[in-house]
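Open the model in your viewer and keep the sequence panel visible. The stops below say what to select next and what is there.

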Amino acid sequence: MAPDRRAPLMAQDFDRAMREGLADAIGFVAGALAGWWLGRQFGVDFIASTDWNAQQLAGLALIVGGCGVGRWVARRLMLRDGP
């Protein structure tokens with residue numbers, strides 16, 4: 001019976017998937033916190049406000065944009081030297 005040669009490939013796929021998931025999680029959280037902090041520096045605190053106006057929507061946009069940028073940066077840093 002021939003040896004199963006897929007095990008190392010599956011281990012590499014699993015390792016890459018785990019690193020991608022970790023990069024996504026860290027990037028989303030760190031980016032959201034950075035966007036929230038940036039909004040607070042501009043005087044817009046989306047989290048603490050109960051109003052829905054243009055200023056609050058700009059704060060939300062900073063948080064969402066921070067999520068995307070944080071995910072992109074985390075993936076670039078964590079996956080640059082992997083298989």
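Buried means under 20% relative accessible area, exposed means over 50%, and partly exposed is in between, with a 1.4 Å probe and protein chains only. This is a predicted model, in which local features need pLDDT of at least 70, side-chain atom pairs count only at pLDDT 80 or more, and totals for chains, interfaces and linings use all residues. Residues are numbered from 1 along each chain as its sequence is written, and side-chain values use heavy atoms, with hydrogens and water left out.

**The whole chain**

Start with a cartoon view. The protein has two helices and zero strands; helices (H or I, at least four residues) and strands (E, at least two) are DSSP runs, numbered from the N terminus. Select residues 6-41 for helix 1, then residues 54-78 for helix 2.

Of the 83 residues, 22% count as buried. Switch on the surface: its accessible area comes to about 6300 Å², and 66% of that belongs to carbon and sulfur atoms. Accessible areas come from the Shrake-Rupley method with a 1.4 Å probe, and for residues only the protein chains shown count as cover.

Contact means heavy atoms within 4.5 Å. Among contacts between residues at least 6 apart in sequence, 69% join residues at least 24 apart.

**Asp-24 and the salt bridges**

Select Asp-24, which is in helix 1. Is Asp-24 buried or exposed? Asp-24 is buried, because its relative accessible area is 15%. Leaving aside neighbours within four places in sequence, Asp-24 is in contact with Arg-71 and Arg-75.

A salt bridge here is a side-chain nitrogen of Lys or Arg within 4 Å of a carboxyl oxygen of Asp or Glu. The structure holds five of them. Show the side chains of Asp-24 and Arg-71: they meet in a salt bridge at 3.0 Å, N to O. Asp-24 lies in helix 1 and Arg-71 in helix 2, so this pair ties together parts that are 47 residues apart in sequence. Arg-71 is partly exposed, at 30% relative accessible area.

Next add Glu-20 and Arg-75, whose side chains meet in another salt bridge, at 4.0 Å, N to O. This pair also links distant parts of the chain, with Glu-20 in helix 1 and Arg-75 in helix 2, 55 residues apart. Both residues are partly exposed: Glu-20 has a relative accessible area of 22%, and Arg-75 has 25%.

Then add Arg-16. Its side chain meets that of Glu-20 in a salt bridge at 3.3 Å, N to O. Arg-16 and Glu-20 both lie in helix 1, four residues apart, about one turn of the helix. Arg-16 counts as partly exposed, at 30% relative accessibility.

Keep these side chains on screen together. Arg-16, Glu-20, Asp-24, Arg-71 and Arg-75 are linked in a network of salt bridges.

**Gly-66 and its contacts**

Move along helix 2 to Gly-66. Gly-66 counts as buried because its relative accessibility is 12%. Which residues is Gly-66 in contact with, leaving aside its neighbours within four places in sequence? They are Gly-27, Gly-31 and Ala-32. Draw a distance between the C-alpha atoms of Gly-66 and Ala-32: they are separated by 5.0 Å, although the residues are 34 apart along the chain.

**The surface patch**

Stay in helix 2 and select Val-69. Val-69 is exposed, with a relative accessible area of 51%. Add Trp-72, Val-73 and Leu-77: with Val-69 they form a nonpolar patch on the surface, with about 400 Å² of accessible area together. Patches are made of residues with over 30% relative accessible area and no salt bridge; like charges are joined within 9 Å, and nonpolar side chains (Val, Leu, Ile, Met, Phe, Trp, Tyr) within 5 Å.

**Rings**

The structure holds one aromatic pair. Select Phe-46 and Trp-52 to see this edge-to-face pair, 5.7 Å centre to centre with 75 degrees between the planes. Rings of Phe, Tyr and Trp (its six-membered ring) pair if their centres lie within 6.5 Å; planes under 30 degrees apart count as stacked, over 60 as edge-to-face and the rest as tilted. Trp-52 counts as exposed, at 63% relative accessibility.

For the last stop, select Trp-36 and Arg-40. The charged end of Arg-40 sits over the ring of Trp-36, 5.4 Å from its centre. The test is that NZ of Lys or CZ of Arg is within 6 Å of the ring centre and within 35 degrees of the ring normal.
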